[in-house]
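Let us walk through this protein chain step by step, beginning with one pair of strands and then widening the view.

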Amino acid sequence: MKTFISPFLVFIVMGFLFSQCDDDPQTKMNGTLTEHSACKNFLVQNSPKFDVADTTTSIVFTYSENQNLLILNHINAAFNCCPDDLYCEFYLSDDTIHVHEFEESALCDCNCLYDLTMQINHVVPGIYKIRVHEPYVGDQALLFFELNLTQDTSGTYTITRTGYPWGM
(Lines give C-alpha, C1' and ligand atoms only; values in the text may rest on other atoms or scores of the structure.)
Protein backbone atom coordinates (compact mmCIF):
# COMPACT_ATOMS: atom_id res chain seq x y z
CA MET A 1 0.00 0.00 0.00
CA LYS A 2 1.45 3.35 -1.07
CA THR A 3 1.28 6.38 1.15
CA PHE A 4 -0.24 9.34 -0.60
CA ILE A 5 0.33 12.90 0.67
CA SER A 6 -2.00 15.39 -0.82
CA PRO A 7 -0.27 18.41 -2.38
CA PHE A 8 -2.97 20.48 -0.73
CA LEU A 9 -1.97 19.15 2.72
CA VAL A 10 1.70 19.94 2.02
CA PHE A 11 0.73 23.47 0.97
CA ILE A 12 -1.24 24.04 4.19
CA VAL A 13 1.59 22.73 6.41
CA MET A 14 4.19 24.87 4.61
CA GLY A 15 1.98 27.96 4.92
CA PHE A 16 1.59 27.36 8.64
CA LEU A 17 5.35 26.96 9.14
CA PHE A 18 6.22 30.09 7.18
CA SER A 19 3.56 32.17 8.92
CA GLN A 20 5.11 31.28 12.29
CA CYS A 21 8.38 32.97 11.23
CA ASP A 22 6.56 36.31 10.95
CA ASP A 23 5.81 36.30 14.69
CA ASP A 24 9.40 37.31 15.48
CA PRO A 25 9.16 40.97 16.54
CA GLN A 26 12.63 41.71 15.14
CA THR A 27 11.46 40.98 11.59
CA LYS A 28 8.92 43.77 12.06
CA MET A 29 11.47 46.34 13.27
CA ASN A 30 10.79 49.74 11.74
CA GLY A 31 11.43 53.31 12.66
CA THR A 32 10.76 56.90 11.88
CA LEU A 33 12.18 60.36 12.43
CA THR A 34 9.61 61.87 14.77
CA GLU A 35 11.03 65.40 15.07
CA HIS A 36 14.04 67.58 14.39
CA SER A 37 15.22 71.00 15.45
CA ALA A 38 15.81 73.91 13.15
CA CYS A 39 19.37 74.61 12.04
CA LYS A 40 21.10 75.25 15.36
CA ASN A 41 23.60 77.67 13.79
CA PHE A 42 20.70 80.08 13.19
CA LEU A 43 19.18 79.82 16.68
CA VAL A 44 19.88 82.52 19.25
CA GLN A 45 20.29 79.73 21.79
CA ASN A 46 21.15 76.19 20.86
CA SER A 47 18.53 73.50 21.20
CA PRO A 48 16.44 74.10 24.31
CA LYS A 49 16.12 70.32 24.73
CA PHE A 50 19.83 69.41 24.73
CA ASP A 51 22.74 71.57 25.83
CA VAL A 52 25.77 69.97 24.16
CA ALA A 53 28.94 71.59 22.80
CA ASP A 54 29.06 71.91 19.02
CA THR A 55 32.37 70.01 19.00
CA THR A 56 30.59 66.76 19.84
CA THR A 57 27.88 64.58 18.43
CA SER A 58 25.87 62.30 20.68
CA ILE A 59 23.23 59.63 20.73
CA VAL A 60 21.01 59.78 23.80
CA PHE A 61 18.89 56.62 24.01
CA THR A 62 15.92 55.47 26.04
CA TYR A 63 14.43 52.00 25.83
CA SER A 64 11.03 50.70 26.93
CA GLU A 65 11.13 46.91 27.16
CA ASN A 66 7.38 46.54 27.70
CA GLN A 67 6.77 48.49 24.45
CA ASN A 68 9.85 47.15 22.57
CA LEU A 69 10.52 50.80 21.76
CA LEU A 70 13.95 52.41 21.32
CA ILE A 71 14.16 56.22 21.16
CA LEU A 72 17.37 57.71 19.75
CA ASN A 73 18.14 61.42 20.01
CA HIS A 74 20.99 62.35 17.68
CA ILE A 75 22.41 65.59 19.00
CA ASN A 76 24.41 67.74 16.55
CA ALA A 77 23.65 65.80 13.39
CA ALA A 78 25.03 67.61 10.33
CA PHE A 79 22.92 68.47 7.31
CA ASN A 80 22.68 71.21 4.73
CA CYS A 81 21.39 74.57 5.99
CA CYS A 82 18.44 74.28 3.58
CA PRO A 83 17.56 70.58 3.46
CA ASP A 84 13.84 70.96 2.57
CA ASP A 85 13.14 67.91 4.75
CA LEU A 86 15.06 65.38 6.83
CA TYR A 87 14.25 61.67 7.08
CA CYS A 88 15.76 58.39 8.25
CA GLU A 89 15.67 54.75 7.23
CA PHE A 90 16.32 51.83 9.57
CA TYR A 91 17.17 48.17 9.17
CA LEU A 92 18.55 45.31 11.23
CA SER A 93 21.48 43.25 9.92
CA ASP A 94 22.65 40.48 12.25
CA ASP A 95 23.08 42.32 15.58
CA THR A 96 23.49 45.81 14.08
CA ILE A 97 20.72 48.39 13.83
CA HIS A 98 21.58 50.66 10.90
CA VAL A 99 20.26 54.21 10.96
CA HIS A 100 20.60 56.08 7.66
CA GLU A 101 20.08 59.84 7.88
CA PHE A 102 19.05 61.77 4.76
CA GLU A 103 18.13 65.24 3.60
CA GLU A 104 15.68 65.78 0.77
CA SER A 105 17.85 68.39 -0.94
CA ALA A 106 20.91 70.58 -0.37
CA LEU A 107 19.73 73.99 -1.51
CA CYS A 108 22.28 76.21 0.28
CA ASP A 109 26.05 76.46 0.23
CA CYS A 110 26.40 75.76 3.96
CA ASN A 111 25.92 73.02 6.54
CA CYS A 112 24.71 73.22 10.12
CA LEU A 113 23.81 71.09 13.12
CA TYR A 114 20.40 69.70 14.04
CA ASP A 115 18.95 67.58 16.83
CA LEU A 116 16.94 64.56 15.66
CA THR A 117 14.52 62.32 17.55
CA MET A 118 13.99 58.85 16.10
CA GLN A 119 11.69 56.06 17.23
CA ILE A 120 12.46 52.41 16.45
CA ASN A 121 9.65 49.91 17.04
CA HIS A 122 9.74 46.15 17.71
CA VAL A 123 13.20 46.10 19.32
CA VAL A 124 13.34 43.14 21.71
CA PRO A 125 15.81 43.12 24.62
CA GLY A 126 19.30 42.12 23.51
CA ILE A 127 22.78 43.35 22.75
CA TYR A 128 22.94 45.49 19.61
CA LYS A 129 25.40 47.61 17.75
CA ILE A 130 24.07 50.94 16.52
CA ARG A 131 25.58 52.29 13.29
CA VAL A 132 24.50 55.78 12.25
CA HIS A 133 25.19 56.57 8.58
CA GLU A 134 25.57 60.35 8.34
CA PRO A 135 25.78 62.35 5.10
CA TYR A 136 28.52 64.82 6.12
CA VAL A 137 30.75 62.88 8.50
CA GLY A 138 33.61 62.52 6.00
CA ASP A 139 36.69 60.94 7.58
CA GLN A 140 35.74 61.89 11.16
CA ALA A 141 34.86 59.37 13.88
CA LEU A 142 31.78 57.28 13.13
CA LEU A 143 28.77 56.90 15.40
CA PHE A 144 29.10 53.16 15.95
CA PHE A 145 28.60 51.71 19.43
CA GLU A 146 27.05 48.86 21.40
CA LEU A 147 23.86 48.88 23.48
CA ASN A 148 22.96 46.19 26.00
CA LEU A 149 19.19 46.52 26.18
CA THR A 150 18.97 43.60 28.62
CA GLN A 151 20.66 45.83 31.23
CA ASP A 152 20.44 49.49 30.18
CA THR A 153 17.27 51.44 29.50
CA SER A 154 18.96 54.79 28.93
CA GLY A 155 22.36 56.26 28.25
CA THR A 156 24.51 58.48 26.07
CA TYR A 157 27.26 57.81 23.55
CA THR A 158 29.34 60.88 22.62
CA ILE A 159 32.26 61.45 20.28
CA THR A 160 34.30 64.58 19.54
CA ARG A 161 34.22 66.15 16.10
CA THR A 162 35.86 69.38 15.05
CA GLY A 163 35.59 69.34 11.26
CA TYR A 164 33.00 71.56 9.59
CA PRO A 165 30.16 72.05 10.59
CA TRP A 166 31.13 70.84 14.09
CA GLY A 167 33.09 73.30 16.20
CA MET A 168 32.13 76.33 14.13
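Strand β5, residues 96-103, and strand β7, residues 127-133, run parallel and are joined by five bridges, and within this pairing Ile97 stands opposite Ile130 of β7. Strands here are DSSP runs of E with at least two residues, helices are runs of H or I with at least four, both numbered from the N terminus, and two strands pair if DSSP finds at least two bridges between them. This is a predicted model, in which local features need pLDDT of at least 70 and side-chain atom pairs count only at pLDDT 80 or more, while totals for chains, interfaces and linings use all residues. Residues are numbered from 1 along each chain as its sequence is written, and side-chain values use heavy atoms, with hydrogens and water left out.

The pair belongs to an open sheet of four strands in the order β4-β5-β7-β8, with mixed pairing. Because β4 (86-93) and β8 (143-148) stand at the edges with a single partner strand each, one side of each is left without a neighbour in the sheet.

Ile97 also appears in the largest nonpolar core, a set of 30 residues in which Leu70, Leu72, Ile97, Ile120 and Val123 touch the most other members. Such a core consists of buried Ala, Val, Leu, Ile, Met, Phe, Trp, Tyr and Cys residues joined through side-chain atoms within 4.5 Å, where buried means under 20% relative accessible area, with a 1.4 Å probe and protein chains only. Strand β6 gives the most to this core, with five residues.

In the whole chain, which has one helix and nine strands, 41% of the 168 residues count as buried.

Methods:
Buried < 20%, exposed > 50% of the residue type's maximum accessible area, 1.4 Å probe, protein only.
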